[in-house]
Structure formats: C-alpha cells, structure tokens
Amino acid sequence: MDWDEQEVRLYADDILLNRTPLDNIVNASYKEIANPFRQPHYIILNLALGATGGDLGKLPLPQKYEIDYVRIYQKKDSPHKGTIPYRTEK
C-alpha cells in the first residue's frame with residue numbers, strides 16, 4: 001500500500017489493484033473527523049481469541065503469537081518526516 005497526501009494505492013505483486021483519491025473519502029459515522037486517512041494512525045498488533053463467544057477451554061493453549069517484523073516506510077521528501085506520534089498505553 002502506498003499512502004500519500006493525495007491518494008491510497010493498493011498493489012499485489014507490483015500490480016496496481018486500486019487507487020482512491022483522499023478527496024473522495026469521508027467517514028460518515030464520525031462527522032467531526034471528515035477524512036480518516038488524514039488523521040494520526042497507530043499500529044495495533046492483536047491476537048483475538050473467542051471473538052464470537054467461543055469456548056476457549058477447547059483450544060490447545062498455550063500458543064505462540066510471534067511477529068517477526070513490521071515495516072513502515074516514509075518517503076524522504078515527506079513533509080511529515082519525523083512527525084509520527086508515539087503513544088504508550090496506560
């Protein structure tokens with residue numbers, strides 16, 4: 001995914017699958033935040049168990065949840081360079 005100030009582009013195997021201009025995106029649920037792609041974002045990595053109320057007693061626990069790495073790239077000429085906010089959970 002390439003996401004810049006003008007649009008979001010989705011690729012698979014270097015083939016452009018979708019291009020969406022950010023001017024066409026609105027968040028109808030939260031009218032005070034008109035465009036969710038122009039707001040601060042955070043990465044949350046989560047392993048959810050029992051999402052539909054399932055019985056966790058039937059799962060072979062304990063299990064491992066391993067994340068090898070997460071990559072985030074920022075263009076060298078980005079006007080937002082160095083402004084990615086950091087927030088710790090309380």
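In what sense do E1 and strand E2 (residues 7-12) pair, and over how many bridges? In this predicted model, the pairing of E1 with E2 is antiparallel and comprises two bridges. Within this part of the structure, tryptophan 3 is placed opposite valine 8 of E2. The sheet as a whole is open and consists of three strands in the order E1-E2-E3, with antiparallel pairing. Its edges are formed by strand E1 (2-3) and by E3, each of which pairs on one side only. In general, the strands of a sheet pair through backbone hydrogen bonds, in either a parallel or an antiparallel manner.

Tryptophan 3 also takes part in an aromatic interaction. One aromatic pair was found when the whole structure was searched. The pair joins tryptophan 3 and phenylalanine 37, whose ring centres are 5.1 Å apart; because the ring planes stand at 75°, where angles over 60 degrees count as edge-to-face, the pair is assigned to that class. Since tryptophan 3 belongs to strand E1 and phenylalanine 37 to the segment after E3, the contact ties together parts of the chain that are 34 residues apart in sequence. Both partners fall in the partly exposed class: tryptophan 3 has a relative accessible area of 37%, and phenylalanine 37 has one of 28%.

The segment after E3 also holds leucine 45 and tyrosine 65, the strand E3 itself spanning 15-21. Leucine 45 has a relative accessibility of 48% and therefore counts as partly exposed, the exposed class being reserved for values over 50%. Tyrosine 65, at 41% relative accessibility, is likewise partly exposed. When residues up to four places away in sequence are not counted, leucine 45 touches Tyr65, Ile67 and Val70. For one of these partners, isoleucine 67, the C-alpha atom is separated from that of leucine 45 by 8.7 Å, although the two residues are 22 positions apart along the chain.

Leucine 45 and its three contact partners Tyr65, Ile67 and Val70 are members of a nonpolar surface patch with an area of about 990 Å². The other residues that make this patch are Ile43, Leu47, Leu49, Leu56, Leu59, Leu61 and Ile72. Residues with over 30% relative accessible area are eligible for such a patch, and the value of 48% for leucine 45 and that of 41% for tyrosine 65 are consistent with this cut-off.

Notes: Residues are numbered from 1 along each chain as its sequence is written. This is a predicted model: local features need pLDDT of at least 70, side-chain atom pairs count only at pLDDT 80 or more; totals for chains, interfaces and linings use all residues. Side-chain values use heavy atoms; hydrogens and water are left out. Patches are made of residues with over 30% relative accessible area and no salt bridge: like charges are joined within 9 Å, nonpolar side chains (Val, Leu, Ile, Met, Phe, Trp, Tyr) within 5 Å. Accessible areas come from the Shrake-Rupley method with a 1.4 Å probe; for residues, only the protein chains shown count as cover. A salt bridge is a side-chain nitrogen of Lys or Arg within 4 Å of a carboxyl oxygen of Asp or Glu. Helices (H or I, at least four residues) and strands (E, at least two) are DSSP runs, numbered from the N terminus. Buried means under 20% relative accessible area, exposed over 50%, partly exposed in between (1.4 Å probe, protein chains only). Two strands pair if DSSP finds at least two bridges between them. Rings of Phe, Tyr and Trp (its six-membered ring) pair if their centres lie within 6.5 Å; planes under 30 degrees apart count as stacked, over 60 as edge-to-face and the rest as tilted. Contact means heavy atoms within 4.5 Å.
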